[in-house]
Amino acid sequence: MIYDALIGPFTEFEFMGRALAAIIALSLAGAPIGVFLMLRRMSLVGDAMAHAILPGAAVGFLLSGLNLFAMTAGGLIAGFAVAILAGVVARSTGLKEDASLATFYLASLALGVTIVSIKGTNIDLLHVLFGNILAMDDQTLLVVAFNATVTLLVLAVIYRPLVIESVDPLFLRTVSRAGGPAHLAFLALVVVNLVNGFQALGTLLAVGLMILPAGIARFWSRDLTAMICIAVVAAAVAGYAGLVLSFQTRVPSGPAIILVAAALYVVSVLFGSVGGLVRQVFPGRHLEA
């Protein structure tokens with residue numbers, strides 16, 4: 001009974017196996033990015049960029065239908081364009097970067113929804129906005145795995161300056177010029193992983209598998225390496241449990257995954273060993289001299 005409910009779907013149905021493999025790839029690449037977004041206080045920037053890729057993906061859909069490479073290329077172009085334009089406007093005017101980014105991402109979201117609505121049906125619009133990981137084919141899975149591999153390799157290269165800049169950017173500027181290139185490379189990884197998540201969870205939920213696991217990890221450890229590991233495990237567990245929930249019920253797969261991650265976040269807020277509410281109300285005994 002337990003085997004049929006928890007393991008059977010992934011061994012008996014190929015689409016469930018592909019979905020689980022995609023979730024693991026997204027967890028390995030996206031969760032570390034989410035941790036750095038949280039440390040750099042850029043969580044809402046990640047959410048804004050998730051919306052910003054919509055018009056590019058919609059143009060790809062307009063030209064080629066639900067074509068993987070057209071929508072991925074369009075999403076990447078739109079994401080980078082919004083990031084660059086928001087930065088240029090913020091540096092050329094008195095407008096703060098967050099306000100500039102908010103303006104561009106709202107316009108991008110409206111434009112993307114309009115494009116898909118004109119060309120396609122409500123089903124197409126739901127697919128673009130919320131994804132469908134259960135419909136992932138081998139070609140899409142290979143692209144997701146390739147992007148995840150590239151993310152891990154680039155992250156390994158920029159890891160040290162990224163950590164130092166997250167903690168003390170002024171110190172990094174005094175000892176090295178690696179901060180600027182590392183920041184740009186990190187923003188590129190954010191866009192790549194949002195497009196990666198878009199294939200599975202859609203533009204509106206893609207950022208969820210990056211930010212929620214990072215928030216979960218924050219309540220269980222203060223060590224960066226441990227936080228990254230916890231975030232990866234939390235993302236994978238949420239993905240697995242969400243897929244099982246979706247298979248056993250009528251809940252769509254993408255929202256099911258994010259809802260499980262949100263439930264894990266609530267548990268962490270309550271019982272986390274680092275700043276959890278229960279821990280604050282009932283603190284452990286301190287060592288006495």
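The largest cavity in this predicted model has a volume of about 50 Å³. By the rule applied here, the count comes to one cavity of 30 Å³ or more.

The lining of the largest cavity consists of Leu26, Gly30, Asn193, Gly197, Leu201, Ala206, Leu209 and Met210. By class, these lining residues divide into five nonpolar, three polar and no charged. Helices H3, H11 and H12 each supply at least two residues of this lining, and H11 gives the most, with three residues.

Helix H12 also packs against helix H14. The two helices, spanning residues 208-218 and residues 253-271 respectively, meet at an angle of about 15 degrees, and their axes are 9 Å apart. Because an angle under 35 degrees counts as roughly parallel, H12 is described as roughly parallel to H14. The crossing of H12 and H14 is left-handed.

On the H12 side, the contact is made by Gly208, Leu209, Leu212, Gly215 and Ile216. On the H14 side, Ile257, Ile258, Ala261, Ala262, Leu264, Tyr265 and Ser268 take part. Leu209 thus appears in two settings: it lines the largest cavity and belongs to the contact of H12 with H14.

The table sets out the classes of residues in the two settings.

| Setting | Nonpolar residues | Polar residues | Charged residues |
|---|---|---|---|
| Contact of H12 with H14 | nine | three | no charged residues |
| Lining of the largest cavity | five | three | no charged residues |

Terms used
Residues numbered from 1 in each chain as written. Predicted model: local features only at pLDDT ≥ 70, side-chain atom pairs only at ≥ 80, totals over all residues. Heavy atoms only, no water. Axes fitted to C-alpha atoms, helices over the stretch in contact; angles between N-to-C directions. Helix = DSSP H or I, 4+ residues; strand = E, 2+ residues; numbered from the N terminus. Parallel < 35°, antiparallel > 145°, perpendicular 65-115°, else oblique. Left-handed = near helix turned anticlockwise from the far one by under 90°. Contact = heavy atoms within 4.5 Å. Nonpolar A, V, L, I, M, F, W, Y, C, P; charged D, E, K, R; others polar. 1 Å grid on protein atoms, 1.4 Å probe; cavity = no way out; pocket = protein on both sides within 12 Å on 5 of 7 lines; lining within 4 Å. Points joined across faces, edges and corners; volume = space filled by probe spheres on them.
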